[in-house]
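Thank you all for making time this morning. I would like to walk you through one structure, starting from the whole and then going to a few places along the chain.

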Amino acid sequence: MAAKVYFSREITPEKVLELYKMAGKELTGNVAIKLHSGEEGNQNFLKPDFWKPVIDFVGGTVVECNTAYEGQRNTTEKHKALLTRHGWDAYFKVDLMDAEGPDMVLEIPKGKQIQKNYVGKHLANYDAMLVLSHFKGHPMGGYGGALKQLSIGVASSFGKAYIHGAGEPEKIWTADHDAFLESMADAASSVVDYFKGNVIYVNVMKNMSVDCDCCAVAEDPCMKDIGILVSLDPIAIDQACLDLVYAADDPGRDHLIERIESRNDVHTIEVAAALGFGSREYDLVEG
(Lines give C-alpha, C1' and ligand atoms only; values in the text may rest on other atoms or scores of the structure.)
Protein backbone atom coordinates (compact mmCIF):
# COMPACT_ATOMS: atom_id res chain seq x y z
CA MET A 1 0.00 0.00 0.00
CA ALA A 2 1.29 3.47 -0.89
CA ALA A 3 2.62 5.49 2.01
CA LYS A 4 1.69 9.11 2.60
CA VAL A 5 4.54 11.58 2.23
CA TYR A 6 3.67 15.16 3.18
CA PHE A 7 5.58 17.80 1.21
CA SER A 8 6.05 21.55 1.09
CA ARG A 9 8.41 23.68 -0.98
CA GLU A 10 8.42 26.25 1.82
CA ILE A 11 11.41 25.60 4.09
CA THR A 12 10.95 27.19 7.49
CA PRO A 13 11.10 25.87 11.06
CA GLU A 14 7.37 26.53 11.36
CA LYS A 15 6.60 24.51 8.24
CA VAL A 16 8.51 21.51 9.66
CA LEU A 17 6.17 21.54 12.65
CA GLU A 18 3.09 22.02 10.45
CA LEU A 19 3.93 19.00 8.29
CA TYR A 20 4.83 16.96 11.38
CA LYS A 21 1.31 17.58 12.68
CA MET A 22 -0.14 16.56 9.30
CA ALA A 23 1.36 13.09 9.73
CA GLY A 24 -1.34 12.57 12.37
CA LYS A 25 0.69 10.44 14.77
CA GLU A 26 1.53 11.18 18.39
CA LEU A 27 4.90 10.07 19.69
CA THR A 28 4.37 9.04 23.30
CA GLY A 29 6.68 8.27 26.22
CA ASN A 30 10.35 9.22 26.12
CA VAL A 31 11.12 10.40 22.59
CA ALA A 32 14.62 10.19 21.09
CA ILE A 33 15.21 12.89 18.50
CA LYS A 34 17.88 11.66 16.11
CA LEU A 35 19.56 14.32 14.02
CA HIS A 36 22.99 15.12 12.63
CA SER A 37 24.81 17.51 14.95
CA GLY A 38 27.44 18.42 12.32
CA GLU A 39 31.17 17.81 12.16
CA GLU A 40 33.56 20.60 13.18
CA GLY A 41 34.01 22.92 10.19
CA ASN A 42 30.94 21.72 8.25
CA GLN A 43 28.96 24.63 6.82
CA ASN A 44 25.86 22.81 5.57
CA PHE A 45 24.29 21.05 8.57
CA LEU A 46 20.93 22.29 9.87
CA LYS A 47 21.39 24.26 13.08
CA PRO A 48 19.52 24.01 16.41
CA ASP A 49 17.32 27.03 15.76
CA PHE A 50 15.98 25.43 12.57
CA TRP A 51 14.80 22.32 14.43
CA LYS A 52 13.70 24.09 17.61
CA PRO A 53 9.91 24.41 17.00
CA VAL A 54 9.36 20.72 16.25
CA ILE A 55 11.69 19.53 19.01
CA ASP A 56 10.02 21.82 21.55
CA PHE A 57 6.61 20.56 20.46
CA VAL A 58 7.60 16.90 20.79
CA GLY A 59 9.53 17.53 24.01
CA GLY A 60 12.12 14.82 23.45
CA THR A 61 15.85 14.42 23.87
CA VAL A 62 18.35 15.04 21.06
CA VAL A 63 20.40 11.86 20.63
CA GLU A 64 23.67 11.19 18.84
CA CYS A 65 26.39 8.51 18.78
CA ASN A 66 30.15 8.69 18.38
CA THR A 67 31.75 8.27 14.97
CA ALA A 68 34.15 5.55 13.80
CA TYR A 69 36.59 7.85 12.00
CA GLU A 70 38.96 10.66 12.93
CA GLY A 71 37.41 14.02 13.70
CA GLN A 72 35.82 15.91 16.55
CA ARG A 73 33.08 13.34 17.24
CA ASN A 74 34.98 10.04 17.60
CA THR A 75 35.37 10.18 21.39
CA THR A 76 32.80 11.00 24.03
CA GLU A 77 34.86 13.90 25.41
CA LYS A 78 35.41 15.57 22.03
CA HIS A 79 31.86 14.91 20.85
CA LYS A 80 30.27 16.43 23.95
CA ALA A 81 32.47 19.52 23.57
CA LEU A 82 31.42 19.90 19.92
CA LEU A 83 27.74 19.48 20.78
CA THR A 84 28.21 22.43 23.13
CA ARG A 85 30.09 24.51 20.55
CA HIS A 86 27.32 23.92 18.02
CA GLY A 87 24.72 25.01 20.56
CA TRP A 88 22.71 21.82 20.87
CA ASP A 89 22.78 21.56 24.66
CA ALA A 90 21.94 25.26 25.01
CA TYR A 91 18.56 24.55 23.38
CA PHE A 92 17.77 20.92 24.24
CA LYS A 93 18.43 17.94 26.45
CA VAL A 94 21.20 15.98 24.70
CA ASP A 95 22.14 12.32 25.09
CA LEU A 96 25.25 10.78 23.56
CA MET A 97 23.81 7.27 23.48
CA ASP A 98 27.11 5.37 23.35
CA ALA A 99 28.94 7.64 25.80
CA GLU A 100 29.80 4.47 27.68
CA GLY A 101 29.47 0.76 26.91
CA PRO A 102 28.50 -1.93 26.59
CA ASP A 103 26.57 -1.47 23.36
CA MET A 104 22.96 -2.58 23.07
CA VAL A 105 22.59 -5.35 20.48
CA LEU A 106 19.52 -5.55 18.23
CA GLU A 107 18.98 -8.89 16.52
CA ILE A 108 18.29 -9.00 12.76
CA PRO A 109 17.27 -12.62 12.11
CA LYS A 110 16.30 -11.90 8.49
CA GLY A 111 19.21 -9.59 7.70
CA LYS A 112 20.69 -9.87 4.21
CA GLN A 113 24.26 -9.14 5.35
CA ILE A 114 24.29 -8.71 9.13
CA GLN A 115 22.26 -10.41 11.86
CA LYS A 116 23.19 -8.00 14.67
CA ASN A 117 23.16 -4.23 15.02
CA TYR A 118 25.28 -2.57 17.73
CA VAL A 119 23.63 0.64 18.93
CA GLY A 120 24.18 3.13 21.73
CA LYS A 121 23.00 1.45 24.92
CA HIS A 122 20.90 4.47 25.94
CA LEU A 123 18.48 3.57 23.15
CA ALA A 124 16.83 1.39 25.79
CA ASN A 125 15.67 4.59 27.56
CA TYR A 126 13.37 5.63 24.72
CA ASP A 127 9.87 4.61 23.62
CA ALA A 128 9.71 6.46 20.31
CA MET A 129 11.92 8.29 17.85
CA LEU A 130 11.68 11.40 15.71
CA VAL A 131 14.20 11.15 12.87
CA LEU A 132 15.24 14.57 11.59
CA SER A 133 17.31 14.16 8.44
CA HIS A 134 19.12 16.70 6.32
CA PHE A 135 18.86 15.19 2.83
CA LYS A 136 22.10 15.61 0.87
CA GLY A 137 24.83 13.62 -0.80
CA HIS A 138 27.33 11.36 0.94
CA PRO A 139 30.92 10.37 0.04
CA MET A 140 30.31 6.65 0.64
CA GLY A 141 26.56 6.14 0.82
CA GLY A 142 25.69 8.32 -2.17
CA TYR A 143 23.00 10.18 -0.29
CA GLY A 144 22.05 10.68 3.34
CA GLY A 145 18.43 10.56 4.48
CA ALA A 146 16.15 8.67 6.84
CA LEU A 147 17.62 5.20 6.22
CA LYS A 148 21.14 6.39 6.94
CA GLN A 149 20.00 8.10 10.15
CA LEU A 150 18.32 4.88 11.30
CA SER A 151 21.36 2.76 10.53
CA ILE A 152 24.71 4.55 10.76
CA GLY A 153 23.20 7.33 12.87
CA VAL A 154 21.84 5.14 15.67
CA ALA A 155 24.78 2.71 15.61
CA SER A 156 27.50 3.04 18.23
CA SER A 157 31.04 3.83 17.17
CA PHE A 158 31.74 0.07 16.94
CA GLY A 159 28.37 -0.46 15.29
CA LYS A 160 29.22 2.03 12.54
CA ALA A 161 32.39 0.07 11.73
CA TYR A 162 30.38 -3.17 11.85
CA ILE A 163 27.84 -1.85 9.30
CA HIS A 164 30.50 -0.35 7.03
CA GLY A 165 32.41 -3.62 7.11
CA ALA A 166 29.25 -5.69 6.46
CA GLY A 167 29.82 -7.59 9.71
CA GLU A 168 33.62 -7.34 9.68
CA PRO A 169 34.48 -4.06 11.44
CA GLU A 170 38.16 -4.38 10.54
CA LYS A 171 37.06 -3.92 6.89
CA ILE A 172 35.36 -0.60 7.65
CA TRP A 173 36.71 1.05 4.46
CA THR A 174 37.42 -2.03 2.33
CA ALA A 175 34.27 -4.18 2.39
CA ASP A 176 32.28 -4.88 -0.76
CA HIS A 177 30.30 -1.70 -1.41
CA ASP A 178 26.91 -3.27 -2.10
CA ALA A 179 27.34 -5.40 1.04
CA PHE A 180 27.79 -2.16 3.00
CA LEU A 181 24.60 -0.71 1.47
CA GLU A 182 22.73 -3.92 2.30
CA SER A 183 24.05 -3.78 5.87
CA MET A 184 22.65 -0.26 6.22
CA ALA A 185 19.21 -1.54 5.20
CA ASP A 186 19.52 -4.44 7.68
CA ALA A 187 20.51 -2.10 10.52
CA ALA A 188 17.70 0.34 9.72
CA SER A 189 15.17 -2.49 9.86
CA SER A 190 16.28 -3.42 13.37
CA VAL A 191 15.66 0.09 14.72
CA VAL A 192 12.23 0.26 13.07
CA ASP A 193 11.40 -3.13 14.60
CA TYR A 194 12.67 -2.02 18.00
CA PHE A 195 10.29 0.95 18.11
CA LYS A 196 7.43 -1.08 16.59
CA GLY A 197 6.71 1.69 14.10
CA ASN A 198 6.53 4.43 16.75
CA VAL A 199 8.69 6.71 14.59
CA ILE A 200 8.12 9.83 12.47
CA TYR A 201 10.56 10.89 9.73
CA VAL A 202 11.38 14.40 8.52
CA ASN A 203 13.68 14.97 5.52
CA VAL A 204 14.71 18.53 4.67
CA MET A 205 16.06 19.09 1.16
CA LYS A 206 18.13 22.20 1.87
CA ASN A 207 21.87 23.00 1.53
CA MET A 208 22.20 19.97 -0.75
CA SER A 209 25.89 19.32 -1.17
CA VAL A 210 27.27 16.08 -2.58
CA ASP A 211 29.01 15.76 0.79
CA CYS A 212 27.56 14.77 4.16
CA ASP A 213 27.38 16.81 7.36
CA CYS A 214 30.04 14.41 8.67
CA CYS A 215 32.61 16.09 6.40
CA ALA A 216 34.75 18.77 8.04
CA VAL A 217 35.54 20.04 4.54
CA ALA A 218 32.39 19.73 2.45
CA GLU A 219 31.53 21.07 -0.98
CA ASP A 220 29.06 23.92 -1.00
CA PRO A 221 25.48 23.03 -2.04
CA CYS A 222 25.25 22.21 -5.74
CA MET A 223 21.53 22.76 -6.35
CA LYS A 224 18.68 24.89 -5.10
CA ASP A 225 16.67 23.90 -2.05
CA ILE A 226 13.61 21.75 -2.81
CA GLY A 227 11.48 21.40 0.31
CA ILE A 228 10.43 19.53 3.46
CA LEU A 229 9.01 16.00 3.56
CA VAL A 230 7.39 14.15 6.47
CA SER A 231 6.25 10.52 6.56
CA LEU A 232 5.69 7.51 8.78
CA ASP A 233 7.61 5.42 6.22
CA PRO A 234 11.42 5.74 6.04
CA ILE A 235 11.68 4.05 2.65
CA ALA A 236 8.95 6.13 1.01
CA ILE A 237 10.40 9.43 2.26
CA ASP A 238 13.88 8.65 0.91
CA GLN A 239 12.43 7.44 -2.41
CA ALA A 240 10.39 10.64 -2.68
CA CYS A 241 13.52 12.73 -2.12
CA LEU A 242 15.39 10.89 -4.85
CA ASP A 243 12.45 11.34 -7.21
CA LEU A 244 12.35 15.08 -6.48
CA VAL A 245 16.06 15.39 -7.27
CA TYR A 246 15.62 13.55 -10.57
CA ALA A 247 12.58 15.68 -11.46
CA ALA A 248 14.36 18.98 -10.75
CA ASP A 249 15.41 21.25 -13.62
CA ASP A 250 18.26 22.71 -11.57
CA PRO A 251 21.59 22.55 -13.44
CA GLY A 252 23.30 21.30 -10.30
CA ARG A 253 21.14 18.19 -10.05
CA ASP A 254 23.47 16.21 -12.34
CA HIS A 255 26.35 16.60 -9.89
CA LEU A 256 24.25 15.23 -7.02
CA ILE A 257 22.82 12.44 -9.20
CA GLU A 258 26.34 11.42 -10.23
CA ARG A 259 27.29 11.10 -6.56
CA ILE A 260 24.17 9.02 -5.81
CA GLU A 261 24.46 6.76 -8.87
CA SER A 262 28.23 6.25 -8.61
CA ARG A 263 27.66 4.80 -5.12
CA ASN A 264 24.59 2.77 -6.22
CA ASP A 265 22.70 4.09 -3.21
CA VAL A 266 19.25 3.25 -4.55
CA HIS A 267 20.30 -0.30 -3.64
CA THR A 268 19.83 0.58 0.05
CA ILE A 269 16.20 1.46 -0.73
CA GLU A 270 15.77 -1.69 -2.82
CA VAL A 271 17.00 -3.94 -0.01
CA ALA A 272 15.03 -2.04 2.64
CA ALA A 273 11.85 -2.53 0.63
CA ALA A 274 12.62 -6.25 0.22
CA LEU A 275 13.02 -6.51 4.01
CA GLY A 276 9.46 -5.22 4.25
CA PHE A 277 9.63 -2.36 6.75
CA GLY A 278 8.27 0.21 4.32
CA SER A 279 7.27 0.84 0.73
CA ARG A 280 8.78 2.56 -2.31
CA GLU A 281 5.22 3.42 -3.38
CA TYR A 282 3.92 6.69 -1.99
CA ASP A 283 1.39 9.46 -2.42
CA LEU A 284 2.91 12.92 -2.25
CA VAL A 285 0.53 15.18 -0.31
CA GLU A 286 1.34 18.89 -0.61
CA GLY A 287 0.80 20.89 2.54
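**A walk through the model**

Let me begin at a small detail, just after helix 10, where Gly276 takes a positive phi of about 90 degrees. Please keep in mind throughout that what you see is a predicted model.

Helix 10 itself covers residues 266–275, and its buried residues are His267, Thr268, Ile269, Val271 and Ala272. These buried residues pack against strand 9, which is residues 142–144, and also against helix 5, helix 7 and helix 8.

Now let me step back to the whole protein. In total there are 10 helices and 12 strands. The radius of gyration is 17 Å, close to the 19 Å that the globule rule gives for 287 residues, and the protein is therefore as compact as a globular protein of that length. If we take the principal axes, the C-alpha atoms fill a box of roughly 45 × 40 × 40 Å. Of the 287 residues, 60% count as buried, and the protein exposes about 11100 Å², of which carbon and sulfur atoms supply 50%.

Two further values describe the protein as a whole. Among the contacts with a separation of 6 or more, 76% come from residues that are 24 or more positions apart. As for charge, there are 28 positive and 43 negative charges, and their mean positions are 3 Å apart.

Let me turn to helix 1, residues 13–22, in which Pro13, Lys15, Val16, Leu17, Leu19 and Tyr20 are buried. The cover over these buried residues includes strand 1, helix 2, strand 7, strand 10 and strand 11. Helix 1, like helix 10, has a glycine after it, and here it is Gly24, whose phi is positive, near 75 degrees.

From there we can move on to strand 2, residues 31–34, which runs parallel to strand 3 and is joined to strand 3 by three bridges. Within this pairing, Lys34 stands opposite Val63 of strand 3. Which residues of strand 3 are buried on its two faces? On one side they are Thr61 and Val63, and on the other they are Val62 and Glu64, so to speak a strand with both faces covered.

One of those residues, Val62, leads us to Phe92, since Phe92 touches Pro48, Lys52, Ile55, Asp56 and Val62, if we leave out residues up to four places away in sequence. Phe92 is found in the loop between helix 4, residues 88–91, and strand 4. Is Phe92 buried or exposed? At 7% relative accessibility, which is under the 20% cut-off, Phe92 counts as buried. Along the chain Phe92 and Pro48 are 44 residues apart, while their C-alpha atoms are separated by 8.6 Å.

A little further along the chain we come to the loop between strand 4 and strand 5, where Gly101 is found and where Pro102 also has its place. A cis peptide bond joins Gly101 and Pro102, with omega at about -5 degrees. Gly101 is partly exposed, with a relative accessible area of 45%. From Gly101 to Ala188 there are 87 residues in sequence and 21 Å in space, C-alpha to C-alpha.

Ala188 comes up again when we look at Ser151, which lies in helix 5, residues 146–153. Ser151 is buried, with a relative accessible area of 0%. Beyond its neighbours within four places in sequence, Ser151 is in contact with Ile163, Met184, Ala187 and Ala188.

The last stop concerns backbone angles. As background, most residues other than glycine have a negative phi, and most peptide bonds are trans. Against that background, phi of Lys196 is near 50 degrees, a positive value in a residue other than glycine. Where is Lys196 placed? Lys196 sits in the loop between helix 7 and strand 10, and at 73% relative accessibility it counts as exposed. Asn207, which is not a glycine either, has a positive phi of about 50 degrees, and Asn207 is found in the loop between strand 10 and strand 11.

To close, I would ask you to take two places away with you: the cis peptide bond between Gly101 and Pro102, and Ser151, buried in helix 5.

Note on methods: Residues numbered from 1 in each chain as written. Predicted model: local features only at pLDDT ≥ 70, side-chain atom pairs only at ≥ 80, totals over all residues. Heavy atoms only, no water. Helix = DSSP H or I, 4+ residues; strand = E, 2+ residues; numbered from the N terminus. Buried < 20%, exposed > 50% of the residue type's maximum accessible area, 1.4 Å probe, protein only. Contact = heavy atoms within 4.5 Å. Rg over C-alpha atoms; globule rule 2.2 N^0.38 Å. Areas by Shrake-Rupley, 256 points an atom, 1.4 Å probe, with all protein chains shown as cover. Lys, Arg positive; Asp, Glu negative; His and termini not counted. Charge placed at Lys NZ, Arg CZ, Asp CG, Glu CD. Pairing = 2+ DSSP bridges.
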